[in-house]
Amino acid sequence: MKTPKKITLVLLIATACLFESRASTIKDYQSLVDKWLNLHKQRNQLIADWQSQKPLLEQRLRLLNIEKQRLKEKLAQSKQHNDEVSERRNQILRAQSKLESEQHELALWLEQSISYAHSHITSLPPPLANTWRQSLLQITDASTDSETLEVLLLLQSKRQAFNQRISFEKSKIMLAKGQYVLLEQIYIGEKLAYVSTPDGAQTGIGFVANNQWQWQWQLNNEMPYADFVKAKAMLQHRQEADFIALPVTLEQTQ
């Protein structure tokens, strides 16, 4: 009779355990469902946030791409500018080197030209020689290349003008003996001149020999004073131009 009570007790314990196990399982399921719902809620929130921020992010991305492109263009322009600057610098250096070379050549040429001008004065007729001496005094150690060149060009200009005319001069000239004599001179360029004392007592010619200008007196029968006076009158426009035979020899004009 006691056996059924034991069975009933076992059944009750088994049933209690079963209910307790089911309750635990339901609780676990409920926790999983809550977690899933929470995750689903978070997912929806993330999607909503993404949807709301997507236009702004896309706009920022476009702006970043635009800025990136601008930076690329600026870098390209900067590189091109640097290349142009480098090329321009090289051009300037080449031009500077060429200019320095030309300045050196110019300075050397000016030095040689000044030396030539001083050494050539003795071969010029007295009026032109005096002009050259006065002009060369303008060249000093402080003179610039431009100022020196201007003086040298002036010398050549005066020389060319002297050679293009027949001129009459009356001045004191120092002869070979070191004495100054008042002479009337007719210059035919820089290579030949006719000279006479004012009273016609002596006449002569001037010419260049051995890089020296010199006077040579002649007898009046070689160059009549009347011919000299006639030539002077024509140069002073006191007489009409005419042909005059004045003496000259090839040896004297060399």
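This report walks through the strands, cores and largest pocket of the structure above. The model is predicted, so please read the values below as computed from a prediction.

**The sheet**

A good place to start is the sheet, which is open and built from 5 strands with antiparallel pairing. Going across, the order is β1-β2-β3-β4-β5. β1 (166-174) and β5 stand at the edges with a single partner strand each, so one side of each has no neighbour in the sheet. On average, neighbouring strands are turned by 30 degrees against each other, with direction ignored. Helix α2 packs on this sheet, where it touches β1, β2 and β5. The direction of α2 makes about 100 degrees with that of β2.

Now let us follow the strands from β2 to β5. β2 and β3 run antiparallel and are joined by 5 bridges. Within this pair, Glu184 has Ser196 of β3 as its bridge partner. On the next side, 5 bridges join β3 to β4 (residues 203-209), again antiparallel. Here Ser196 stands opposite Thr203 in β4, and Val195 has Gly204 as its bridge partner in β4. Ser196 thus turns up in both pairings, facing Glu184 and Thr203. Finally, β4 and β5 run antiparallel with 7 bridges between them, and Phe207 is bridged to Gln214 in β5.

How well covered is β3, and what lies on each of its faces? Of its 5 residues, 5 are buried. Leu192, Tyr194 and Ser196 are on one side, while Ala193 and Val195 are on the other, and both faces are covered. This split fits a general pattern: in a regular strand, side chains alternate between the two faces of the sheet.

**The hairpins and their turns**

The hairpins are easy to compare side by side, each with a residue that takes a positive phi.

| Hairpin | Residues between strands | Residue with positive phi | Phi |
|---|---|---|---|
| β2 and β3 | 3 residues | Gly189 | near 70 degrees |
| β3 and β4 | 6 residues | Gly200 | near 75 degrees |
| β4 and β5 | 2 residues | Asn210 | about 55 degrees |

Asn210 deserves a second look, as its phi is positive although the residue is not a glycine. Asn210 sits in the loop between β4 and β5 and counts as exposed, because its relative accessibility is 75% and the cut-off for exposed is over 50%. Asn211 lies in the loop between β4 and β5 as well. Asn211 is also a residue other than glycine with a positive phi, near 60 degrees. With 39% relative accessibility, Asn211 counts as partly exposed.

**The nonpolar cores**

Which residues touch the most other members of the largest nonpolar core? They are Trp132, Leu136, Leu155, Leu183, Tyr187, Trp213 and Trp215, out of 24 residues in that core. Helices and strands both contribute: α1 (3-120), α2 (126-136), α3 (145-163), β2 (180-188), β3 (192-196) and β5 (212-218) each give two or more residues. A second, separate core has 6 residues, including Ile186, Ile205, Phe207 and Phe228. Such grouping follows a broad tendency, as nonpolar side chains in soluble globular proteins tend to be buried together.

Leu155 gives a closer view of the larger set's contacts. Leaving aside neighbours within four places in sequence, Leu155 is in contact with Ala117, Trp132, Ser135 and Leu136. Two of these partners, Trp132 and Leu136, are themselves on the list of core members with the most contacts to other members.

Thr148 is another residue to find on your screen, placed in helix α3. Is Thr148 buried or exposed? Its relative accessible area is 6%, so Thr148 is buried. Not counting residues up to four places away in sequence, Thr148 touches Leu110, Ile114, Ile139 and Ser143.

**The largest pocket**

The largest pocket holds about 550 Å³ of space. Its lining is made up of 22 residues, and those nearest the centre are Pro126, Ile173, Met174, Trp213 and Trp215. The elements that give two or more residues to the lining are α2, β1 and β5. Trp213 and Trp215 link two parts of this report, since they line the pocket and also belong to the largest nonpolar core.

Conventions:
Residues numbered from 1 in each chain as written. Predicted model: local features only at pLDDT ≥ 70, side-chain atom pairs only at ≥ 80, totals over all residues. Heavy atoms only, no water. Core = buried A, V, L, I, M, F, W, Y, C linked by side-chain atoms within 4.5 Å. Buried < 20%, exposed > 50% of the residue type's maximum accessible area, 1.4 Å probe, protein only. Helix = DSSP H or I, 4+ residues; strand = E, 2+ residues; numbered from the N terminus. Contact = heavy atoms within 4.5 Å. Pairing = 2+ DSSP bridges. Axes fitted to C-alpha atoms, helices over the stretch in contact; angles between N-to-C directions. 1 Å grid on protein atoms, 1.4 Å probe; cavity = no way out; pocket = protein on both sides within 12 Å on 5 of 7 lines; lining within 4 Å. Points joined across faces, edges and corners; volume = space filled by probe spheres on them.
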